[in-house]
Amino acid sequence: MFEKLLDVIESNHVPSLSEVRYLITQIKEGKRVDGVLSDVVRVTHWGEEIRSKTVGQHRYIEAIRNNDIVFSIGPAGTGKTYLAVAMAIDYLKREEVKRIILTRPAVEAGEELGFLPGDIQAKVSPYLRPLYDAIYDMIPVSEFEKLTEHGRIEMAPLAFMRGRTLNNSFVILDEAQNTTSIQMKMFLTRLGFHSRAVITGDVTQIDLEEGTSGLMAVQEILQGIEGISFINLTKSDVVRHQLVARIIEAYEKKENRKGRNTSGNHPGAG
């Protein structure tokens, strides 16, 4: 434990109380904590270092570095989108890719884009807000606007990906639990030369009809293919307010109770 804390401090980070508690828990359970808190992904434009704060997050970052396609599946607050954007900005700044493409399915409000007011940017902005929030942490607004103007950063709804080939790109598909299997296949087959893709989603927050989520189906279809990695994050990887993990746990308990009650109500049960 002390060796790990010294490693963290030597990387110019003073661990918080919650971070120390997390390390204690992981070490007591016999888990390796190499890279946790000491692996700096990116520095925000106000100087704060973005680090992997959990074992799951470190595995996620390593998967992005070592694979062309990475699926990150887990609950809210685990850093799925935030870390993907941080890695994308890092790749762009180091000229590892020529552009970043950020996309999401626009289904949450149950409205079609054509019926929403304004131009295309006004139509899609509400759906892409979480991606904007992450980017504004990494680079100033003025730089983001310049990169967008020059086509180095592009944000668009998933429907606009059809028919394209994305070369030299870092592509992020967010909220992938709300893609159909057809949309997921369409997105994955857009990947061109010298490109990588990160697909993030939370299978507990699917807004589609039951059994139609492309993110649920793809886990079985693509499992075991070299160059594709699936990272499953859990409530132990939540890095938001400490109550967020407790809220997730409370909902899981309710769902488990509901599942048990349902299974006991079928004919012949009991």
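**Exercise 1. The cavity**

How many cavities of 30 Å³ or more does a search of the whole structure find? Describe the largest cavity and its lining.

*Solution.* Before we start, a word on the model: it is predicted, so local features need pLDDT of at least 70 and side-chain atom pairs count only at pLDDT 80 or more, while totals for chains, interfaces and linings use all residues. Residues are numbered from 1 along each chain as its sequence is written, and side-chain values use heavy atoms, with hydrogens and water left out.

Step 1. Fix the term. A cavity is a set of points, on a 1 Å grid over the protein atoms alone, where a 1.4 Å probe fits but cannot get out; lining residues have an atom within 4 Å of a point. Grid points are joined across faces, edges and corners, and the volume is the space filled by probe spheres set on the points.

Step 2. Count. The search finds one cavity of 30 Å³ or more, and the volume of the largest cavity is about 40 Å³.

Step 3. Read the lining. Around the largest cavity stand Ile-69, Leu-166, Val-171, Phe-187, Leu-188, Arg-190, Leu-191 and Ala-197.

Step 4. Sort the lining by class. Ala, Val, Leu, Ile, Met, Phe, Trp, Tyr, Cys and Pro count as nonpolar, Asp, Glu, Lys and Arg as charged, and the others, Gly among them, as polar. That gives seven nonpolar residues, no polar ones and one charged.

**Exercise 2. A salt bridge inside one helix**

Find the salt-bridge partner of Asp-7 and state where both residues lie.

*Solution.*

Step 1. Apply the criterion. A salt bridge is a side-chain nitrogen of Lys or Arg within 4 Å of a carboxyl oxygen of Asp or Glu. The structure holds 16 of them.

Step 2. Identify the pair. Asp-7 bridges to Lys-4, with the closest N and O atoms 3.5 Å apart.

Step 3. Place the pair. Both residues belong to helix α1, three residues apart, or about one turn of the helix. Helices (H or I, at least four residues) and strands (E, at least two) are DSSP runs, numbered from the N terminus.

Step 4. Check the exposure. Buried means under 20% relative accessible area, exposed over 50%, and partly exposed in between (1.4 Å probe, protein chains only). Asp-7 is partly exposed at 34%, whereas Lys-4 is buried at 8%.

**Exercise 3. Two acids and Arg-104**

Which parts of the chain does the salt bridge between Asp-174 and Arg-104 tie together? Then treat Glu-175 and Arg-104 in the same way.

*Solution.*

Step 1. Take Asp-174. Its salt bridge with Arg-104 has its closest N and O atoms 3.4 Å apart. Asp-174 sits in the loop between β6 (169–173) and α7 (181–188) and Arg-104 in strand β4 (residues 99–104), so the pair ties together parts that are 70 residues apart in sequence. Asp-174 and Arg-104 are both buried.

Step 2. Take Glu-175. Its side chain meets that of Arg-104 in a salt bridge of 3.0 Å, N to O. This pair also links distant parts of the chain, with Glu-175 in the loop between β6 and α7 and Arg-104 in strand β4, 71 residues apart.

Step 3. Compare the covers. Glu-175 is partly exposed at 23% relative accessibility, while Arg-104 is buried at 6%.

Step 4. Look for a network. Arg-42, Asp-90, Arg-94 and Glu-96 are joined into one network by salt bridges that share partners.

**Exercise 4. Backbone and long-range checks**

What is the phi of Asn-12, and what is that of Asn-168? Add the placing of Leu-158.

*Solution.*

Step 1. Phi of Asn-12 is near 65°, a positive value in a residue other than glycine. Asn-12 occupies the loop between α1 and α2 (17–28) and is exposed, at 67% relative accessible area.

Step 2. Asn-168, not a glycine either, has a positive phi of about 50°. Asn-168 belongs to the loop between β5 and β6 and is partly exposed at 30%.

Step 3. Leu-158 lies in the loop between β5 (153–157) and β6, where it counts as buried, at 2% relative accessibility. Leu-158 and Pro-105 are 53 residues apart in sequence, yet their C-alpha atoms are 5.0 Å apart in space.

Conventions:
On a 1 Å grid over the protein atoms alone, a cavity is a set of points where a 1.4 Å probe fits but cannot get out, and a pocket is an open set with protein on both sides within 12 Å along at least five of seven lines; lining residues have an atom within 4 Å of a point.
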